[in-house]
Amino acid sequence: MASSLLKLSRLPNRICVPSIRNGLTKRSRNLLFYRPASDLAHLESVKEKIDTKRNNALLGGGQKRIDAQHKKGKLTARERLNLLLDEGSFIEYDMFSEHGCTDFNMDQKKFTGDSVVTGQGRINGRIVFVFSQDFTVFGGSLSAVHARKIMDKATTIGAPVIGLNDSGGARIQEGVESLAGYADIFLRNVLTSGVVPQISVIMGPCAGGAVYSPALTDFIFMVKNTSHLFITGPDVVKSVTNEVVTQEELGGSQTHTSLSGVAHNAFENDVDALARVRELINYLPLSNKDPTPIIKSDDPADRIVPVLDTIVPAESNKPYNIIDIVEAIVDHGDFFEIMPDYAKNIVVGFARMNGRTVGIVGNQPLVASGCLDINSSVKGARFVRFCDCFNIPIVTFVDVPGFLPGTAQEYGGIIRHGAKLLYAYAEATVPKITVITRKAYGGAYDVMSSKHLRGDTNYAWPTSEIAVMGAKGAVSIIFRGDTENAEQEYIDKFSNPFPAAKLGKLYYVHNIILQLYYQ
């Protein structure tokens with residue numbers, strides 16, 4: 001613009017563009033259109049510096065490091081944001097910020113934007129805030145300015161925060177300032193919890209103090225083979241405990257999705273992970289004050305589902321897949337499962353009914369007969385509490401023979417951890433619908449969103465059995481003689497939904513769902 005104005009000017013020291021003066025105050029006209037040519041030359045110089053800085057920021061740590069990132073099968077920080085967000089929607093914050101460290105010759109090693117790219121964008125037209133750590137700049141290490149760029153505006157505006165983590169940890173050269181930066185981020189994670197959804201995607205190393213920020217978020221996703229999450233690396237583990245372990249064994253995606261339960265799912269590569277995050281965002285509200293998005297559905301809410309008559313076997317000890325029931329009743333069979341490889345005896349995830357988001361919880365008879373244990377209780381409780389925070393109704397499918405017995409469970413604190421699920425359901429004030437598909441035994445019946453824990457609507461299938469325990473165990477306690485006839489008597493009395501249904505909706509079961517389809 002400055003060069004164009006210079007060409008238009010025929011005055012030796014000042015320029016004027018009369019055609020765009022209308023509507024401006026006299027002071028504005030003087031400021032904008034009557035400037036010495038030397039000032040305009042200065043503006044042109046500043047513009048060139050801005051362009052140079054912007055190009056440097058876009059290049060991150062340089063082409064050589066970008067190529068190294070690609071060779072590892074990883075995208076750069078900006079490439080990831082381009083895939084995650086709607087095209088052209090990204091607005092970057094603090095692009096020109098630089099670290100202020102002068103020790104260890106760091107003043108001679110500065111990169112425009114430092115080691116993280118932050119800003120806002122849109123996913124399917126809905127606003128989100130994002131930060132993407134840039135491994136090509138100091139290995140993505142966290143500096144004081146890096147920390148200040150993260151999560152500042154999300155709670156003010158009320159929109160989800162998505163963090164793409166690819167960092168070697170704290171920037172050692174900055175000492176305590178880097179550690180303070182971590183603490184600042186942790187505090188923002190805590191203050192944001194339950195206010196806006198927080199999603200972490202581990203797309204490279206995430207070690208030391210860096211692990212605690214993802215741990216404080218609602219969902220953690222990993223990329224197979226390229227992401228690692230641990231407090232101390234293999235070398236430190238070996239020096240302290242003399243254990244020999246690889247990075248993948250210590251903190252790889254399989255470890256955290258199936259053993260530790262730290263991560264909620266793992267995906268094949270960066271592209272797959274970012275696509276699935278976009279999918280998840282479509283189920284979630286922007287904040288705890290906003291409703292979940294409503295998707296227009298052509299799947300009739302009152303459609304008949306013949307397959308439901310045959311999914312649950314007539315034999316009470318024969319397993320079936322609870323996901324078959326879930327997919328049969330939700331819109332278009334779409335079910336976004338959370339933590340599918342951890343605590344498989346309970347299933348949790350998001351789906352839609354009549355276009356609206358619902359949280360699904362269900363015992364899985366295929367694994368440990370659907371018994372509740374420590375891990376499944378913690379998994380279920382965390383999901384229920386998330387739904388409660390963000391006003392997402394919960395639909396619970398119950399087929400639970402009780403809590404898993406054994407010394408391992410007792411020593412591990414099943415009483416304490418089982419209480420977490422009970423507390424989560426009792427505390428939840430969102431709409432809660434419960435369907436007992438088969439067994440509902442003992443304390444586990446109470447825990448799984450029973451009417452006594454403020455369940456709003458509780459149904460039972462004709463195959464349901466609501467009792468203190470199974471027939472064989474009960475008969476051995478009640479009777480000491482003729483157990484065969486006694487067991488049949490017990491089955492006739494409790495292996496059906498009528499005893500609970502007789503007590504009505506104020507206490508146990510609102511209604512028995514009969515078969516909806518006949519051959």
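Contacts between residues 24 or more positions apart make up 69% of those in the protein chain with a separation of 6 or more. Keep in mind as you look around that this is a predicted model. The chain has 519 residues, 49% of which count as buried, and its secondary structure comes to 22 helices and 16 strands.

A good place to begin is the interior. In soluble globular proteins, nonpolar side chains tend to be buried together. Here the largest nonpolar core has 57 residues, and the members that touch the most others are I162, I199, F219, L284, F350 and V361. Try centring your view on L284. Setting aside residues up to four places away in sequence, L284 touches R126, P197, I199, F219, P293, F350, F386 and I392. Another core, of 20 residues, lies apart from the largest one, and I311, I322, A328 and V330 are among its members.

From L284 you can step across to F386, which sits in helix α16. What is the relative accessible area of F386? The value is 6%, and F386 counts as buried because the cut-off for that class is under 20%. Beyond its neighbours within four places in sequence, F386 is in contact with D218, F219, L284, F350 and I392. F386 also offers a view of how distant parts of the chain come together: P197 is 189 residues away along the chain, yet the C-alpha atoms of the two are separated by 8.9 Å.

Helix α5, residues 77-84, gives a smaller scene to explore. Its buried residues are A77, R78, R80, L81 and L84. Looking down the axis of α5, you will find these buried residues within an arc of 155°, so they line one face of the helix.

Now for the open spaces. The largest pocket has a volume of about 1,000 Å³. Its lining is made up of 37 residues, with A301, I329, M353, F397 and V435 nearest the centre. Two or more lining residues come from each of α14 (308-311), β11 (356-363), β12 (394-400) and β13 (432-441). Which of these elements gives the most to the lining of the largest pocket? That is β11, with three residues. Sorted by class, the lining of this pocket has 24 nonpolar, six polar and seven charged residues.

The second largest pocket holds about 440 Å³ of space. It is lined by 21 residues, and those nearest its centre are A215, S260, G261, V262 and R382. At least two lining residues each are supplied by α9, β7 (228-230) and α16 (374-389). Helix α16, where we met F386, provides the largest share of this lining, six residues. By class, the lining of the second largest pocket has twelve nonpolar, five polar and four charged residues.

Finally, there are enclosed spaces to look for: the structure holds three cavities of 30 Å³ or more. The second largest cavity contains about 60 Å³ of space. Twelve residues line this cavity, and F131, N189, I199, S200 and T217 are the closest to its centre. You may recognise I199 from the largest nonpolar core. The elements β4 (161-167), β5 (198-207) and α9 (212-215) each supply at least two residues of the cavity lining. How many charged residues does the lining of the second largest cavity have? There are no charged residues in it, with five nonpolar and seven polar ones making up the lining.

Notes: Residues are numbered from 1 along each chain as its sequence is written. This is a predicted model: local features need pLDDT of at least 70, side-chain atom pairs count only at pLDDT 80 or more; totals for chains, interfaces and linings use all residues. Side-chain values use heavy atoms; hydrogens and water are left out. On a 1 Å grid over the protein atoms alone, a cavity is a set of points where a 1.4 Å probe fits but cannot get out, and a pocket is an open set with protein on both sides within 12 Å along at least five of seven lines; lining residues have an atom within 4 Å of a point. Grid points are joined across faces, edges and corners, and a volume is the space filled by probe spheres set on the points. Helices (H or I, at least four residues) and strands (E, at least two) are DSSP runs, numbered from the N terminus. Ala, Val, Leu, Ile, Met, Phe, Trp, Tyr, Cys and Pro count as nonpolar, Asp, Glu, Lys and Arg as charged, and the others, Gly among them, as polar. Buried means under 20% relative accessible area, exposed over 50%, partly exposed in between (1.4 Å probe, protein chains only). The arc is that of the directions from the helix axis to the C-beta atoms. A nonpolar core is a set of buried Ala, Val, Leu, Ile, Met, Phe, Trp, Tyr and Cys residues joined through side-chain atoms within 4.5 Å. Contact means heavy atoms within 4.5 Å.
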